[in-house]
Amino acid sequence: MNKKQKKNLIRIIISSILYIALFISSRLFSMNEILKLILFLVPYLIIGYDILLKAMKGIKNLKPFDENFLMAVATIGAIALGEYTEGVAVMLFYQIGELFQSVASSKSRKNIASLMDLRPDYANIYNEEGEIEKVDPKNINLDDTIVVLPGEKIPLDGVVVEGETTLNTSSLTGESMPRFVKQDDDVLSGCINLDSIIKVKVTKTFTESTASKILELIQNASSKKSKQENFISKFARVYTPIVCYSALFLAVVMPLIIYLFDNNNLDFATWIYRALTFLVISCPCALVISIPLSFFGGLGGASHAGILIKGSNYLEALSRTKIVVFDKTGTMTKGVFEVSDIHHPLVDKKMLLYCAAHAEMFSTHPIGKSLVKAYEKENNKKCEEHRVKDLIEISGHGIECMVDDKKVLIGNQKLMKDKNIEYIECHDEGTIIHIALDNNYAGHFVINDVVKEDSHEAILKLKKIGIRKTIMLTGDIDSVAKNIAKELEIDEVYSEQLPNDKVKKLDEILKEKNDKKESDIVCFVGDGINDAPVLSRADIGIAMGGLGSDAAIEASDVVLMDDNPLKIARAIKISKKCIRIVYENIYFAIGIKFICLVLGALGLCNMWFAIFADVGVMIIAVLNSIRSLNTKNL
């Protein structure tokens with residue numbers, strides 16, 4: 001409990017003891033009415049002074065119609081009618097319900113509070129004397145080298161330049177399995193170093209680091225309300241004045257109407273009591289408190305599972321997902337290309353790989369990197385920059401350069417055609433990279449992307465939870481795309497799609513849905529770098545494996561904090577569970593309220609019953625809301 005909660009608990013305990021003592025005393029001994037009023041006002045003011053102050057403040061600001069006003073009028077009215085025990089009891093139980101809600105809300109914030117501890121207060125650097133010194137991470141610049149000791153959190157994103165260790169990434173990804181890192185591996189801020197000292201070269205400043213981006217997402221998530229939350233806010237603004245005027249009608253108009261038919265029966269006291277009971281019952285606390293708490297719990301539970309959802313509006317929309325569109329590379333495949341074969345080599349394979357790797361050594365494309373990786377793995381040494389000269393990158397075709405004394409042309413078949421080099425077509429599955437040496441065709445490399453182990457299971461799980469169509473959009477060649485789609489059991493596939501083509505195809509999917517007047521949600525799942533336009537265009541954009549990417553965070557609505565496709569289905573199941581809990585609370589609270597309001601207006605229930613209708617319903621709804629935090633079995 002925080003200080004405010006402890007203070008309220010002490011007030012509740014003191015008021016409860018005084019109330020019980022007075023309740024028993026008033027039953028055992030006769031008391032003067034004035035003395036009785038004064039004595040019962042003591043626990044009433046101890047427990048209810050803040051509610052009275054808030055009610056007066058609302059009246060002063062010309063916004064009186066809220067739960068504080070309802071409680072103040074109902075309890076003061078009950079005391080004025082001589083119902084001291086009931087008046088104090090209503091305020092006491094209301095405050096117990098408020099404390100219970102506050103504690104429950106604090107519990108639901110624990111998942112997010114733990115994430116708030118992602119960002120360390122310091123970074124280690126070596127000073128001029130060669131000793132480790134702690135400095136503010138905000139003062140660390142790009143390319144500076146920091147030292148991370150065992151047990152410490154990594155303060156900034158970077159690349160390991162010295163040492164190897166295992167990292168606890170659970171705060172970021174929700175996964176308990178430690179990750180091994182060595183020299184040249186990327187590391188993210190917020191991970192915990194478990195084993196050994198490592199040196200990290202900083203690649204992102206403090207404000208741009210992964211931990212800072214995550215915290216920014218979490219802090220902004222609560223500002224984006226769902227339809228249900230907006231409905232409840234509007235409902236409360238209309239509902240509260242209506243019940244206040246209804247209570248006034250019961251207290252003043254109804255006894256006058258009855259008096260018209262029975263001149264001997266002008267009983268204001270009975271109808272005022274009914275009106276006050278009506279006010280207590282009508283308090284919309286259960287809805288106003290439990291609905292946002294359900295969404296907050298859902299967002300917290302998702303974040304604990306390594307799924308960042310930018311707002312409860314996106315959490316709500318996820319539950320209506322029926323069509324999921326995927327990118328291929330980096331989403332359903334690892335995005336790690338491997339050289340699987342070399343066909344028709346007209347020179348020694350080692351020489352061919354040597355020339356290809358050196359020509360591609362400056363490339364940032366995964367295919368180029370795969371050639372470099374294959375060479376370095378086979379020869380156990382890195383490519384040498386000085387061997388490459390006159391390098392020209394031909395956009396959409398390939399590379400032309402000199403490697404030692406050989407002219408190298410490497411790229412797709414378009415490059416071979418443009419340079420009038422006769423090439424041999426390949427009919428194997430995979431990406432084909434042709435190479436020519438000194439304008440003579442020398443062979444081609446077959447490069448394949450590796451399908452993620454969980455991709456097929458992810459598609460099956462999506463279909464199991466009600467996704468009616470899965471689609472893959474990829475820039476890869478048709479044969480490769482169709483082969484992967486068949487392997488993963490994806491319903492439709494569109495290949496050789498440029499980023500603009502993907503946007504057009506997604507627009508067609510959205511238009512088809514809108515023409516049928518369907519409320520289904522279309523999700524696009526991409527790696528968040530090249531797919532930013534289509535991530536923004538989809539009803540819901542889900543960034544896969546793009547945690548450290550600004551494009552992923554900016555363009556998407558949901559960020560999966562690792563690249564596991566199984567979390568797509570888990571995110572949807574979390575949203576469905578949360579929405580189910582929300583509607584359970586709405587139907588339960590409104591149903592009970594309506595029944596009790598009718599009974600109260602007819603005089604068939606007293607204020608003790610009203611306490612259950614208000615505080616009891618609120619506690620039950622809050623308890624139900626807490627269930628949204630539990631996402632372990634989804």
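What follows is a short exchange about a predicted model of a single chain.

Colleague: How many helices and strands are there in the chain?
Modeller: The chain has 634 residues, and 50% of them count as buried. Its secondary structure comes to 21 helices and 22 strands.

Colleague: Is the chain spread out or a compact globule?
Modeller: The C-alpha atoms fill a box of roughly 115 × 70 × 40 Å along the principal axes. The globule rule gives 26 Å for 634 residues. The radius of gyration is 34 Å, well over that value, so the chain is more spread out than a compact globule.

Colleague: Among contacts between residues at least 6 apart in sequence, what share joins residues at least 24 apart?
Modeller: Contact here means heavy atoms within 4.5 Å. Of the contacts between residues at least 6 apart in sequence, the share joining residues at least 24 apart is 67%.

Colleague: Are helices H9 and H20 roughly parallel or roughly antiparallel?
Modeller: H9 spans residues 268-282 and H20 spans residues 566-601. Their axes lie 8 Å apart, at an angle of about 175°. Angles over 145 degrees count as roughly antiparallel. That makes H9, relative to H20, roughly antiparallel.

Colleague: How do the residues of the contact of H9 with H20 divide into nonpolar, polar and charged?
Modeller: H9 brings Trp271, Arg274, Phe278, Val280, Ile281 and Ser282. H20 brings Lys593, Cys596, Leu597, Gly600 and Ala601. The division is seven nonpolar, two polar and two charged.

Colleague: Which strands stand at the edges of the open sheet of seven strands?
Modeller: The order is E10-E22-E21-E20-E11-E18-E19, with mixed pairing. Neighbouring strands are turned by 20° against each other on average, direction ignored. Two strands each have a single partner strand, so one side of each is left without a neighbour in the sheet. They are E10 (307-309) and E19 (492-494).

Colleague: Which residue in E22 is the bridge partner of Leu308?
Modeller: E10 pairs with E22 (residues 558-560) over three bridges. The sense is antiparallel. In E22, Leu308 is matched with Val559.

Colleague: At what angle does H20 run to E10?
Modeller: H20 lies across several strands of this sheet, among them E11 (321-327), E20 (521-526) and E21 (540-543). It also crosses E22 and E10. Its angle to E10 is about 50°.

Colleague: Which are the edge strands of the open sheet of six strands?
Modeller: This sheet is antiparallel, in the order E12-E17-E16-E15-E14-E13. Its neighbouring strands are turned by 20° on average, direction ignored. Each edge strand pairs on one side only. The two are E12 (333-343) and E13 (388-394).

Colleague: Which residue in E17 is the bridge partner of Thr333?
Modeller: E12 and E17 (residues 440-451) run antiparallel, joined by seven bridges. Thr333 has its partner in E17, namely Val451.

Colleague: Which residue in E9 is the bridge partner of Val160?
Modeller: E4 (residues 158-162) is joined to E7 (residues 186-187) by two bridges, with Gly158 opposite Val187. E4 also pairs with E9 (residues 198-202), antiparallel, over four bridges. In E9, Val160 is matched with Val200.

Colleague: What distance separates the C-alpha atoms of Asn32 and Asn139?
Modeller: Asn32 sits in the loop between H1 (3-28) and H2 (33-60). Its relative accessible area is 48%, so Asn32 counts as partly exposed. Asn139 is 107 residues away along the chain. The C-alpha separation of Asn32 and Asn139 is 72 Å.

Note on methods
Residues numbered from 1 in each chain as written. Predicted model: local features only at pLDDT ≥ 70, side-chain atom pairs only at ≥ 80, totals over all residues. Heavy atoms only, no water. Axes fitted to C-alpha atoms, helices over the stretch in contact; angles between N-to-C directions. Parallel < 35°, antiparallel > 145°, perpendicular 65-115°, else oblique. Nonpolar A, V, L, I, M, F, W, Y, C, P; charged D, E, K, R; others polar. Pairing = 2+ DSSP bridges. Buried < 20%, exposed > 50% of the residue type's maximum accessible area, 1.4 Å probe, protein only. Rg over C-alpha atoms; globule rule 2.2 N^0.38 Å.
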